[in-house]
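I am keeping these notes as I go through the structure, one topic to an entry. The sequence and the coordinates come first, and my look-ups follow.

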Amino acid sequence: MESSALNRYATGILPLTVLSVLLLATLLMMNAATQNSALFGNVYSLLLIINITGVVLLIGLIVLNVHNLLQQFRARVMGSRLTLRLLIMLSTLTLVPVVIVFVFSLHALNRGIDSWFDVKIEQAMDDALILGRTAFDAMKQELVKTSQDMAVELEGTSDRLALTTLGYLREQHTISELTLFTQDGLIIASSSQEGPEAQSLLPARPGKAILSQIRQGLTYANLDPVGESELQLRVVVPVYSQNVGAPMRILQVLKHLPPRFTKLGESVQSAFAEYEKLLYLRGPLKFGFTLTLSLVALLALLIAISGAIFGARKLMAPIRDLAEGTAAVAQGDYSKQLPVSSRDEFGILVDSFNTMTREINRAQNDLKHSQAETELQRTYLETVLGHLSSGVLSLDANSQLRTHNIVVEQILGTHLSSIENQPITALTDRKAELSTFVDAIVGHIEKNQNEWLEEITLSRRSGIRTLILRGTRIPGSGKEGEGYVIVVDDVTALIQAQREAAWGEVARRLAHEIKNPLTPIQLSAERLRHKLLNQLTDSERDVLDRSTRTIVDQVEALKTMVNAFSDYARPSQVHAKSINLNTLIQDVVELYKSSSRIKSLTTTLDLGDAMPAIMLDSGRIRQVLHNLLRNAVDATQDTPTPKLSISTRMVKILENDFIELKVEDNGPGFPAELMGRLFDPYVTGKEKGTGLGLAIVKKIVDEHHGTIWAENMQSGGARIIIRLPVDGPKVATTETDVHDDMRNQEQGT
Amino acid sequence: MDSIMRCSKKVSALYTVLFVISLLPLTATAEFSVTQLTPVIKDQSLLLNGELDLGLSEKTEEALSKGIPLEVIIELQLYRKRPFIWDQLVQEWEFRHKIRYHALSGQYLVKGHAKEPDKTESFTSLQQALAYMGTLEDLELSLKQELPKSEAEFNVLLRASLAIEPLPVALRPVAYTSPSWHLNSGWTTWKVQR
């Protein structure tokens, strides 16, 4: 995070601007220093170092910027390609004029500096110097001659009288200072024209080299600069003694030149020195100016490149933003808004882009809102349809299944999701027994009926189902939106209830209308037999006896039958107690096993573990088991190895627990024509049956809020399935129930 | 972060190159040398006798002959030796000898000798002038603080160098970049006698 911030700062405009301004300032100062400005001359080296360092830093910053740009280019960052191209173009445009100006300036500078120096002037300066030297040499030679004369005069002068002689000689020859030294350089005597106000009381002493020269017998004569602007002639000569063996002495003669000569001499000296210096500095001066000019050119170039970098970036920013924005829109991000940084054409473009994305975004939001609304309505519709007691399915104009609810799946006993968007006829391929259903729908659609109603019967293994289909055309524009909605009602239970109610009425009437005359009939028959039996002949008596006995037996049989109907028609009176179904089953089966009728029957019990006790009327359930077992025994009478299987298990249907009881035999199974009416009264496949056994079983199961259905197994034999709720009355026939039912049917178990 | 590291490495390399370039003149062979020095501490003053060999390069001689004044700096430092830790700087001195060529008289003028700072001496030859500048004869330097009379040992460090900053502005870039102008004896250490 910090490094990226540092990088951003380093590549920002501020460091470059500050550095550029600083470098320009130091360059100006350096330029002033090159021109011998006293103000900046002392810090010239520092300015030079600052400039070179600054230029290096500036180059570093530019390199960093270009490096970043190249990285963006390699990473294919939007706009980097154009920025780089613009930068190269601007840099080239800058480089060419700067190089041209630099080359010409350098040439002009060199020629300008060279033009300062003229051979004639140089010669004149040399001549002037030689002239001056010649003039002073003449004076010097004259003074040498005078000095030698004075030395001769001093040869006979003792050290003691030397001062007087020196003073005399100095005044005689207008000498500034006369000093007599021993050969070791010690002062013997000195005479000077300067008074006590002189800066130094001691006379000027010749140097060791001069003394050494004199000791060798030579003469020293030269022009000496005194201070900054004075000249004097110095002549040193040996003074030999007239006395043999006396040591040599040394005379130094100093003569200040007249002010006019001094002034002229210094003028020539300084002019010559300055010119020589300038001549010598020509090379370094060119170097200095070239350096300054190079720095100026380099700085101008670098500042221009920096400007080009930021100019290109600034110019490209809205284009890059636009490109990024367009890419975002292409990827579906319509909320993209770009910053409007200027009021020029780019600004207008960006503003238009923003308006466009805003409008698209709004339209998109409206669309999403609309979709959500539609989805909500669809969910609402599905919820409503899902909770209808009727099955609903809709078809499009091509008879393809569009929507359906769960109830229609329960009614048809199959899933419909897999054939969505397929023609409804595909249902027949999945389940052939639904062909009646499909044919009815297709027939009405082909007839192009707007509304239709039809009752159909479906033969399923679990029995015959009666369905009422109501179709309605859905209007639409052309084929789009057009279709049919079909409402399916399973009225099997309704019809069954109606049938049961009818049979109840029949049973009640039978009980009422038939039972009453039976007793008088029986009594009359017995009275006839009692009165006439002793009065008839043997043959007649036998006839009467057989007839009256038949009447009495048949009346008795009728009474039994009427009582059975009466029981069936009687309102339910359930006295429920908490009992374990398994225990009840075991009791009933034990009783049956002791019966001689079923000794040959192989009974298998598969009772589930941990079965809870549920609220049951033990007498009524015992009757259910009795009826079912008797039916099984009757059904397997002609079977070589009769088998009976009773099983119980717990099943969970929609969070509700049920105890399932299955009674299976290996008899011939239920006749197919009776499958739809098995639980109706007076429906029986047995010769002597009353037809009330299964009807009573169903009645009792209904009284316990259970469900019952019968089916034929694929392996042969009949199966009765009863489900009783564990926690009181529940509807056992639900979606899972249907699926379970379907699975069982498919497995044929 | 990587880009910064890479960039900083590049900048470091650049600085190293610049530093090496800046060192090049300094490592050139110095033609100044201290031949001999005898420092003696006597009565709260430092008495020096010695000789410096101030040999000018061809370029500097040429510049001098063309009227460019040269300035030789003689730096002196008196250190008190201390065991285990660094030596203690007691006092330091700096003398600036200015030499210039007087074309009219053909003499070399030397000003600012340590012994007589305000006096200008003239010499007919450059060798004489340089010998004069390099001669330290009975140079007595007063000490600001009283030195302990214990067994403490002292060292004198001496260095002679050609000053570049006093040169004309135009000549400085050349002087800074040319080894011919970098005349420096380097620091030499001399034990002080008491």
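In which sense, and over how many bridges, do strands β14 and β15 of chain A pair? I find that β14 (residues 643-653) and β15 (residues 656-665) of chain A pair in the antiparallel sense over 10 bridges, where two strands count as paired if DSSP finds at least two bridges between them. In β15(A), the bridge partner of I653(A) is N656(A).

Before going further I note that this is a predicted model, in which local features need pLDDT of at least 70, side-chain atom pairs count only at pLDDT 80 or more, and totals for chains, interfaces and linings use all residues. Residues are numbered from 1 along each chain as its sequence is written, while chains are lettered from A and ligands numbered from 1 in the order in which they are written.

**Entry: chain A overall.** I count nothing by eye here: the secondary structure of chain A comes to 20 helices and 17 strands, these being DSSP runs numbered from the N terminus (H or I over at least four residues for helices, E over at least two for strands). Of the 749 residues of chain A, 26% count as buried; a residue is buried if 20 or more other C-beta atoms lie within 10 Å of its own, exposed if 12 or fewer, and partly exposed in between, with C-beta atoms placed from the backbone. Among contacts in chain A between residues at least 6 apart in sequence, I note that 62% join residues at least 24 apart, a contact being a pair of residues whose C-beta atoms, placed from the backbone, lie within 7 Å.

**Entry: the sheet around β14 and β15.** I looked up the sheet next and found it open, with 5 strands in the order β12-β14-β15-β17-β16 (chain A) and mixed pairing. Its edge strands, each pairing on one side only, are β12 (602-606) and β16 (707-712) of chain A. Neighbouring strands are turned by 15° against each other on average, direction ignored. Helix α18 (residues 618-635) of chain A lies across β14, β15 and β17 (718-725) of chain A and runs at about 25° to β15(A); axes are lines fitted to C-alpha atoms, for helices over the stretch in contact, and angles run from 0 to 180 degrees between N-to-C directions.

**Entry: two helix pairs.** For α15 (residues 492-532) and α16 (residues 538-569) of chain A, I read axes that come within 8 Å and cross at roughly 160°. That makes α15(A) roughly antiparallel to α16(A), since angles over 145 degrees are given that name, with under 35 as roughly parallel, 65 to 115 as roughly perpendicular and the rest as oblique. Their contact has 18 nonpolar, 4 polar and 6 charged residues, with Ala, Val, Leu, Ile, Met, Phe, Trp, Tyr, Cys and Pro counted as nonpolar, Asp, Glu, Lys and Arg as charged, and the others, Gly among them, as polar.

For α6(A) and α7(A), I read an angle of about 150° and axes 11 Å apart, and these helices are therefore roughly antiparallel to each other. The contact is made by M150(A), E153(A) and L154(A) of α6(A) together with A162(A), T165(A) and L169(A) of α7(A).

**Entry: positive phi.** Which residues did I note for this? T174(A) has a positive phi of about 45° although it is not a glycine, and its place is in the loop between α7 (159-172) and β1 (177-182) of chain A. With 10 C-beta neighbours inside 10 Å, T174(A) counts as exposed. N421(A), with phi near 65°, is found in the loop between α12 (406-412) and α13 (426-430) of chain A, and counts as exposed with 9 such neighbours.

**Entry: the interface.** I find 38 residues of chain A in contact with 29 residues of chain B. On the side of chain A that touches chain B, the largest share, 9 residues, comes from α9(A), and the residues of that side divide into 20 nonpolar, 14 polar and 4 charged.

**Entry: chain B strands.** Strand β3 (residues 70-80) of chain B pairs in the antiparallel sense with β4 (residues 88-102) of chain B over 11 bridges, and I74(B) has F95(B) as its bridge partner in β4(B). β3(B) also pairs with β8 (residues 154-162) of chain B in the antiparallel sense, over 9 bridges, where V72(B) stands opposite L162(B).

Note on methods: Two residues are in contact if their C-beta atoms, placed from the backbone, lie within 7 Å.
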